[in-house]
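User: Could you walk me through how the labels used for this model are justified?
Analyst: Gladly; let's look at it together.
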2 protein chains.
Amino acid sequence: MLDAGLHLLADQNLASLGVREVTREAGLSPAAFYRHFPDLAALGVALVEESLASLHVMIRSVLAEAGGAEELIDRAVDVIEQHVREHRPHVRFLSRERHGGVRQVREAIDAELGRFAAEVGAALALQPVSRGWSEQDLRMLAELYVDHMVSTASAFLEAQEAEPDREERIAATARLQLRLISLGRRHWQGS
Amino acid sequence: MLDAGLHLLADQNLASLGVREVTREAGLSPAAFYRHFPDLAALGVALVEESLASLHVMIRSVLAEAGGAEELIDRAVDVIEQHVREHRPHVRFLSRERHGGVRQVREAIDAELGRFAAEVGAALALQPVSRGWSEQDLRMLAELYVDHMVSTASAFLEAQEAEPDREERIAATARLQLRLISLGRRHWQGS
DNA sequence: AAGTTCGGCAAACGACTGTTTACTGAATGG
DNA sequence: CCATTCAGTAAACAGTCGTTTGCCGAACTT
């Protein structure tokens, strides 16, 4: 059922999805839906959890890397690109419903992204570059990184469905932007 | 009719909007819709144009400002916050349909955001800080600014519908992030 | 072996949907 | 002053929708 919904949401919106549509795609009867979910919103929330599990893995994989700033940036962008390629339906779902019409789903996604930002912030605090940074500054930097990751993932998403030519340009731009942010980090003097 | 649609889209999705729904809200008969639009997608595109007109004014108002980096940042964040406050329905529509389920609308929004980035890039090229910057670097910076503006606007959007307490925290975070980017700019040595 | 939960079905309910058709009054233009 | 466009209407079409109900077999528990 989750798979059927995810497949339908490839070129559709959660708010415009229908119970019958999902069950038809899943090869079940309409009544079967209510055995598993009370609402379509509930199915949406379940999809959020499913999608975020893989995202969590990805973020940890980026944070766990060690090495110079340059290699870390290259690795991060590569991981994002590969993740979008391998979990396109999930990523598209998150990107589409993050500001979508179903409040419950929106809030679930935002809460989890906030948790990601906290995790990133904790990891940043351990890096030597962050010596002397206030907690507020760390949090602001973490949010900047998460927002940038989301933007980059969305850009990859739309690029991979069109010409794969633009894919490398997006990666190059993302790397430059991360380099610029990293540069600002090194010269930061606190707020 | 446009106003009726925009009002409906406050807590709904363009893809889940109905012809009858719109005409009912507008106080017209269902058939009247087809006098003005062939599709609901067409109404969406019309709303994109309407929404982007005010955005254009806002961007120019930010770019036209002169002064030190600090004052410029403060002014930019204030303008964004005020713009979201005064055009909440339009901004919400753009934020929601930017990655929404209607291809035509998505592409219209992205094309226009690209034009905004070009405009910002041209303005950045005129600033003394950008001496020696390649065109690619300027473009990359412009896109970073536009993406940051979009993220900040979305954050304001959701904050203003909840506690207005978070509003000032978002503004503060956005200002810090812009300061960090500005710092990276000053120490950039080309790609 | 008996009972209970689980996941599934067909059928039915009224309500709502997009779109077309034929018709109407007002404004506009020559 | 007549013709034409414009912006609206009511009515009807065949579908689709969400949800509830009663029923059923299989699987698990005890």
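Analyst: This is a predicted model. A residue counts as near a strand if one of its heavy atoms lies within 4 Å of that strand. There are 16 residues around DNA strand C, and those that come nearest are Ser29(A), Arg35(A), His36(A), Arg20(B) and Tyr34(B).

User: What makes Arg20(B) a polar contact of DNA strand C?
Analyst: A polar side-chain atom of Arg20(B) lies 2.4 Å from a base nitrogen of the strand. The cut-off for a pair of N or O atoms is 3.5 Å, so the pair qualifies.

User: And why do Val19(B) and Arg24(B) count as polar contacts with phosphate oxygens of DNA strand C?
Analyst: Val19(B) places a backbone N or O atom 2.8 Å from a phosphate oxygen, while for Arg24(B) a side-chain N or O atom is 2.7 Å from one. Both pairs are within 3.5 Å, so both are polar contacts.

User: Which helix gives the largest share of the surface near DNA strand C?
Analyst: That is α2(B), with three residues.

User: How do you know that salt bridges are absent between chain A and chain B?
Analyst: A salt bridge needs a side-chain nitrogen of Lys or Arg within 4 Å of a carboxyl oxygen of Asp or Glu. The count between the two chains is zero, so none meets that rule. Polar contacts are found, though: seven residue pairs across the interface.

User: What is the area buried between chain A and chain B?
Analyst: About 3,300 Å², with 61% of it on carbon and sulfur atoms. On the chain A side, His99(A), Leu176(A) and Leu180(A) supply 19% of the area that chain A buries against chain B.

Technical notes: Residues numbered from 1 in each chain as written. Chains lettered and ligands numbered in written order. Predicted model: local features only at pLDDT ≥ 70, side-chain atom pairs only at ≥ 80, totals over all residues. Heavy atoms only, no water. Polar contact = N/O pair within 3.5 Å; in protein donor to acceptor, adjacent residues only side chain to side chain. Helix = DSSP H or I, 4+ residues; strand = E, 2+ residues; numbered from the N terminus. Buried area = accessible area lost by both parts, 1.4 Å probe.
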